[in-house]
Amino acid sequence: MVLIVLQVIRGVRSHFNVATPFDDMVYRIMGFGSAMIFLAAFVTAIFLLFERRTDRALIWSLRLGLVIMMFGMFAGFLMTQATQAQLVAYHAGHLPPIFGAHSVGVPDGGPGLPFLGWSTTGGDLRIAHFVGLHALQVLPFLGWFLSVQRFQRLSTGQRVALVWTIGLGYVGLVGSLLWQALRGQSLIAPDGLTWITWGLVVGLTLVMSGAIILRARLSTVH
């Protein structure tokens, strides 16, 4: 964050900027930091596999949140890959000042959604990146929420099943957003295939979650 603010103060791009040796160094340090975060998440996820003292639904929400966060970081890795135009310039012996892009099918910096800036004219890898990263907040909150007293009528297995169901739905959402972006499609202009994919992800998640909750209610009645 400090490096990003530094580049903002300097009035230059923080990401993909290799225009000068200093900018290149800043970008490399940022990349190294991201790699360390990924490694830390991976090690933590492995450690949590052996955790048995915490509520099972909560611990599974933490595990899944970390894994999906790493999936979101993979979308960030895709942004660091050079575009076709950048590769052409590089092979011609001209190092482009910008190496990588978050937009697909259109140049970076075009029209975007208010506040978020996500492209409204082409694909944008930042969307899947953003949603994936925040799985680390969404899923653990879900695990905690299911562990409070009002949900004790759900068995441990049912709460774990709910966490898994919503976690898989979250993976489907991130995957569909990444797939949409890689096809050069704006978030606000989904085609038929994207709508079908979203419908399947949301529909299956709701149906399976509803079935788990209904079964829990029926078991308490009997």
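# Notebook: a walk through the predicted model

**Entry 1: the whole chain.** I began with contacts between residues at least 6 apart in sequence, and found that 59% of them join residues at least 24 apart. I keep in mind throughout that this is a predicted model. The protein has 222 residues, and 36% of them count as buried. I then looked up the box around the C-alpha atoms, which comes to roughly 75 × 40 × 30 Å along the principal axes. For the surface I noted about 12800 Å² exposed, with carbon and sulfur atoms supplying 73% of it.

**Entry 2: the elements.** I counted eight helices and two strands. Reading from the N terminus, I wrote down the order α-α-α-α-β-β-α-α-α-α.

**Entry 3: helix α6.** I went to residues 135-147 next, the 13 residues of α6. From first C-alpha to last, α6 reaches 18 Å, close to the 18 Å expected at 1.5 Å a residue. Which residues of α6 are buried? My list reads A135, L139, P140, L142, G143 and L146. They sit on the same side of α6, because they cover an arc of only 150 degrees around the axis. I also asked what covers the buried residues of α6. The cover includes α3 (56-79), α5 (125-133) and α7.

**Entry 4: helix α7 and what follows.** Since α7 turned up as part of that cover, I looked at it in its own right. Helix α7 takes in residues 156-182, which makes 27 residues. Its reach from first C-alpha to last is 39 Å, close to the 39 Å expected at 1.5 Å a residue. Just after α7 I came to G184, which has a positive phi of about 70 degrees.

**Entry 5: S209 against its neighbours.** I moved on to helix α8 (residues 192-221), where S209 has its place. S209 has 11% relative accessibility, so I filed it as buried. Leaving aside residues up to four places away in sequence, S209 touches L162, T165 and I166.

**Entry 6: salt bridges.** A reminder to myself before the search: side chains of opposite charge can pair when their charged atoms come close. How many salt bridges are there? The count comes to three.

I took D55 and R159 to begin with, whose side chains meet in a salt bridge at 3.0 Å, N to O. D55 lies in the loop between α2 and α3 while R159 is in helix α7, so the pair ties together parts that are 104 residues apart in sequence. Is each partner buried or exposed? R159 is buried, with a relative accessible area of 3%. D55, at 27% relative accessibility, counts as partly exposed.

Another pair is D124 with R126, where the closest N and O atoms are 2.8 Å apart. Here D124 counts as buried at 2% relative accessibility, and R126 counts as partly exposed at 23%.

I also noted R183 with D191, again a salt bridge, the closest N and O atoms being 2.8 Å apart. R183 is partly exposed, with a relative accessible area of 30%. D191 is partly exposed too, with a relative accessible area of 28%.

**Entry 7: W118.** I wanted to know where W118 lies. W118 is in the loop between β1 (103-104) and β2 (123-124). Buried or exposed, I asked of W118? At 11% relative accessibility, W118 counts as buried. I listed its contacts, not counting residues up to four places away in sequence: P111, G112, L113, D124, R126, I127, F130 and L187. That list includes D124 and R126, which I had already met as salt-bridge partners. I also checked the spacing to D108, ten residues from W118 along the chain, and the two C-alpha atoms are separated by 9.8 Å.

**Entry 8: a nonpolar patch.** My last stop was the surface. Which residues form the nonpolar patch there? I wrote down F32, M36, F38, L39, F42, V43, I46, L49 and F50. Together they have about 880 Å² of accessible area. I picked out F32, which lies in helix α2 (residues 21-48). F32 has 54% relative accessibility, so I filed it as exposed, the cut-off for that being over 50%.

Technical notes:
Residues are numbered from 1 along each chain as its sequence is written. This is a predicted model: local features need pLDDT of at least 70, side-chain atom pairs count only at pLDDT 80 or more; totals for chains, interfaces and linings use all residues. Side-chain values use heavy atoms; hydrogens and water are left out. Helices (H or I, at least four residues) and strands (E, at least two) are DSSP runs, numbered from the N terminus. The expected span of a helix is 1.5 Å times one less than its number of residues. Buried means under 20% relative accessible area, exposed over 50%, partly exposed in between (1.4 Å probe, protein chains only). The arc is that of the directions from the helix axis to the C-beta atoms. Contact means heavy atoms within 4.5 Å. Patches are made of residues with over 30% relative accessible area and no salt bridge: like charges are joined within 9 Å, nonpolar side chains (Val, Leu, Ile, Met, Phe, Trp, Tyr) within 5 Å. Accessible areas come from the Shrake-Rupley method with a 1.4 Å probe; for residues, only the protein chains shown count as cover. A salt bridge is a side-chain nitrogen of Lys or Arg within 4 Å of a carboxyl oxygen of Asp or Glu.
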